[in-house]
Amino acid sequence: MKILLKNGRLIDPIGEIDTVTDVLIIDGIIQKISQNLSVTKEDKSIDLTGKIISPGFIDMHVHLREPGFEHKETIESGSRAAASGGFTSVCCMPNTNPVIDDPSVIKWIQQCSLKVDDGIVDVYPIAAITKGREGKELAPMMELAEAGALAFSDDGSPVENAEVMRRALEYASMIDKPIIQHAEELSMAKGGVMNEGYVSTLLGMQPIPSIAEEIMISRDLHISQYTKAQYHAAHISTAGSVELLRSAKKKNLRVSCEVTPHHFSLTDNAVRSFDTNTKMNPPLRSHEDVEAVKEGLRDGTIDVIATDHAPHSFDEKQVEFLYAPFGIVGLETAVGLAITELIHTKILTPKQLIEKFSVNPRNILHLPRINIQEGEPANLTFLDFMQEWIVDINNFQSKSKNSPFHGWKLKGKAIGIINKGKMKLFP
Amino acid sequence: MPLCNRHLLGLEGMPKDDIQLILDTATTFREVLDRPIKKVPTLQGKTIVNLFFESSTRTRISFELAERRLSADVVNFSADASSVKKGETLKDTARNIEVMKIDMIVMRHTAPGAAVFLSNVTGAIIINAGDGSHEHPTQALLDMYTIREKHGRIEGLNICIVGDISHSRVALSNIFGLKTMGANVAICAPKTLIPCEVEQLGVKVFYNIDEAIRWADILNVLRIQLERQDRAFFPSLREYRQHFAVTRERLDKSKKTLTIMHPGPINRDVELSADVADSEHSVILQQVLNGVAVRMAVLYLLGTRS
């Protein structure tokens with residue numbers, strides 16, 4: 001199958017390319033990158049005038065919920081949500097049932113994902129650090145890595161025990177895999193439902209202090225420095241965390257971090273609605289934290305934008321705020337929010353945005369680079385920075401609709417992907 | 001002039017005129033309570049459900065008396081004997097009750113914001129009888145009524161709330177209401193029982209009870225919850241008593257005569273010494289009596305608002 005991309009602005013941070021050109025793809029392989037290419041009428045020609053061609057986006061923090069919680073999301077619905085959000089790859093977190101702490105679960109997820117639309121979205125499992133995500137004994141990391149685990153995380157729970165964390169980092173460094181920590185000091189955070197600040201005081205809610213996150217990151221950075229192992233802090237949300245990562249990077253530690261779109265788009269003020277779609281962990285933070293996160297994105301302290309896509313059914317969220325589960329879906333709003341909140345506000349350049357959605361997460365996970373060159377497989381995301389659209393949860397491909405962004409007017413959108421010779425367009 | 005909102009969910013943002021209207025209306029009902037026949041036909045034909053997910057004696061009885069004295073039909077529901085134990089959600093419980101044609105729901109619940117949630121998922125008029133450590137608007141209204149009755153005004157008075165502010169719905173509603181009515185509000189507690197950035201609510205903070213007593217015209221003393229010791233909020237009841245209890249000796253040092261309030265139930269000789277609780281300056285029992293009148297006023301104003 002021939003596909004001709006006409007007149008797109010190709011931005012490839014790796015090849016240091018930023019140019020308007022045509023791209024001819026035959027059977028999933030880039031055949032020609034040049035101006036004024038043409039194909040016959042039978043072949044597909046897509047006009048991308050004014051649009052952007054980027055290396056394929058990856059969301060390295062997704063909860064696909066399968067196996068175990070298929071009423072929230074499945075590998076199929078989650079993969080379709082990823083595609084519709086502009087992602088050619090996702091990493092799925094191990095807090096499934098059974099937990100991804102055994103190679104058989106990895107194999108099963110891989111098999112399932114290949115059946116969804118011919119496997120257009122690559123699903124990369126992240127395996128548990130500890131057996132059952134209980135924080136006690138290490139999971140069989142080497143076996144899990146051989147089966148395909150790209151990284152290890154007990155996401156949803158922190159590794160509380162410092163000794164276990166030390167050994168996990170050491171062991172994983174032997175096979176050159178990152179440890180991804182959900183950083184939360186539980187003795188401080190337990191029972192809390194929102195950020196500690198003026199708003200929690202106003203609402204009488206049990207708070208989660210910012211230091212609960214920072215103390216854990218601080219500890220982990222010490223362990224990472226001591227063991228020289230690769231550490232990635234998931235969904236950082238506070239000014240203090242940004243500062244910790246900034247200084248760790250100055251010391252050349254092997255550390256990286258991600259932020260979610262909701263942590264740069266919303267503050268804890270949103271909780272005043274008591275809308276359970278404003279309940280997530282880490283919680284929405286203060287205005288100062290949001291500003292610090294944006295600065296961290298701008299100056300490169302924050303490497304990655306990842307969604308922490310956390311589907312929950314309508315009924316699970318239709319309860320009192322206190323009893324609602326943490327988390328929101330994010331795959332189908334992430335790119336729109338990032339373009340709206342970061343590109344149009346000039347916090348990031350288009351190149352930086354692409355690095356945070358594609359280049360950096362792939363580096364952290366030691367995935368092969370996406371080279372946009374003749375002879376290379378086409379793994380691409382198409383973006384329209386100017387398209388204005390209104391978020392409508394009813395249009396989500398995801399099985400769950402738990403988003404606080406319903407009704408938001410965004411400017412900028414992912415409009416399609418190509419991967420493994422398959423294309424999906426969402427104009 | 002009717003109230004702005006069809007529910008009473010909290011005092012945050014409630015206009016001064018609305019608070020005034022409730023207190024003025026309560027004066028009329030307070031007079032009804034002194035009659036030989038303490039019943040008026042105002043809410044005849046209205047059905048009110050008291051939905052109590054947390055145990056409460058005073059508030060539930062007070063609401064029930066207020067409802068019956070307005071001639072409403074009353075149904076009581078408590079969590080112990082309910083479908084909640086079988087795992088039914090609040091939304092389903094509320095909708096099942098609503099479909100039986102009821103007009104108002106008075107709810108006490110453990111979760112902050114539960115009353116707001118209920119007002120979003122049912123069509124009934126909702127009165128918040130306490131939602132976790134968020135708000136308890138009728139308690140604050142009856143406190144303000146009692147202050148006005150005793151001092152003739154609220155504006156300009158120095159009112160200090162003493163005790164566990166962090167976990168108190170009474171404190172928050174009092175702060176919102178009293179600030180709106182022009183009072184000067186302070187809080188006094190160990191630092192561990194004061195929520196973050198509380199000064200932004202426009203209150204003064206004391207860590208020393210003697211200083212608070214020197215400043216205040218009125219002390220509203222909160223119950224100290226024994227189980228708070230578990231999470232290291234304070235060392236012991238003995239230590240709390242020695243440093244924060246409102247006692248005769250402490251009050252005697254003040255040149256003013258302070259009015260003493262307490263929303264109950266009292267831990268005698270913990271946060272409040274028994275002689276102070278029973279003294280002529282204590283208005284604790286008036287608060288309880290006024291509570292019925294204030295709740296009658298709220299029920300009347302919301303129940304007859306077209």
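**Exercise 1: a loop with a positive phi.** H366(A) sits in the loop between α13 and β16 (380-390) of chain A; find its phi and work out how open it is.

*Solution.* A quick word on ground rules before the steps. You're looking at a predicted model, in which local features need pLDDT of at least 70 and side-chain atom pairs count only at pLDDT 80 or more, while totals for chains, interfaces and linings use all residues. Residues are numbered from 1 along each chain as its sequence is written, chains are lettered from A and ligands numbered from 1 in the order in which they are written, and side-chain values use heavy atoms, with hydrogens and water left out.

- Step 1: Helices (H or I, at least four residues) and strands (E, at least two) are DSSP runs numbered from the N terminus.
- Step 2: Check the backbone: H366(A) isn't a glycine, but its phi is positive, about 55 degrees.
- Step 3: Buried is under 20% relative accessible area, exposed is over 50%, and partly exposed is in between (1.4 Å probe, protein chains only). With a relative accessible area of 36%, H366(A) is partly exposed.
- Step 4: Now try R65(A), another non-glycine residue with a positive phi, near 70 degrees. You'll find R65(A) in the loop between β6 (57-62) and α1 (75-84) of chain A. Its relative accessible area is 9%, so R65(A) is buried.

**Exercise 2: cis prolines.** Locate the cis peptide bond from N281(A) to P282(A) and the one joining G264(B) and P265(B).

*Solution.*

- Step 1: In chain A, omega from N281(A) to P282(A) is near 0 degrees. P282(A) belongs to the loop between α9 (261-265) and α10.
- Step 2: In chain B, the bond between G264(B) and P265(B) has omega of about -10 degrees. P265(B) falls in the loop between β9 (259-261) and α10 (274-277) of that chain.

**Exercise 3: salt bridges.** Work out which parts of chain A are tied together by R246(A) and D299(A).

*Solution.*

- Step 1: Side chains of opposite charge can pair when their charged atoms come close. Here a salt bridge is a side-chain nitrogen of Lys or Arg within 4 Å of a carboxyl oxygen of Asp or Glu.
- Step 2: There are 31 salt bridges over all chains. One of them pairs R246(A) with D299(A), at 2.8 Å from N to O.
- Step 3: R246(A) is in helix α8 (residues 239-250) and D299(A) in helix α10 (residues 287-299), so the pair ties together parts of chain A that are 53 residues apart in sequence.
- Step 4: Compare the ends: R246(A) is buried at 18%, and D299(A) is partly exposed at 34%.
- Step 5: For a pair within one helix, take K351(A) and E355(A), whose closest N and O atoms are 3.4 Å apart. Both sit in helix α13 (residues 350-364) of chain A, four residues apart, about one turn of the helix.
- Step 6: Chain B offers E64(B) and R68(B), bridged at 3.0 Å and four residues apart in helix α2 (residues 58-69). E64(B) is buried at 15%, while R68(B) is partly exposed at 38%.
- Step 7: Finish with a network: E76(A), R80(A), D117(A) and K424(A) are joined by salt bridges that share partners.

**Exercise 4: rings.** Describe how Y240(B) and F244(B) are paired, then look for charges over rings in chain A.

*Solution.*

- Step 1: Rings of Phe, Tyr and Trp (its six-membered ring) pair if their centres lie within 6.5 Å; planes under 30 degrees apart count as stacked, over 60 as edge-to-face and the rest as tilted.
- Step 2: The whole structure has nine aromatic pairs over all chains. Y240(B) and F244(B) make a stacked one, 5.5 Å centre to centre with 25 degrees between the planes.
- Step 3: They're four residues apart in helix α8 (residues 237-244) of chain B, which means about one helical turn separates them. Both Y240(B) and F244(B) are buried.
- Step 4: Over in chain A, ring pairs link F57(A), F87(A) and F357(A) into a cluster.
- Step 5: A charge sits over a ring if NZ of Lys or CZ of Arg is within 6 Å of the ring centre and within 35 degrees of the ring normal. K279(A) does this with F326(A), 4.8 Å from the ring centre, and K413(A) with W389(A), at 5.4 Å.
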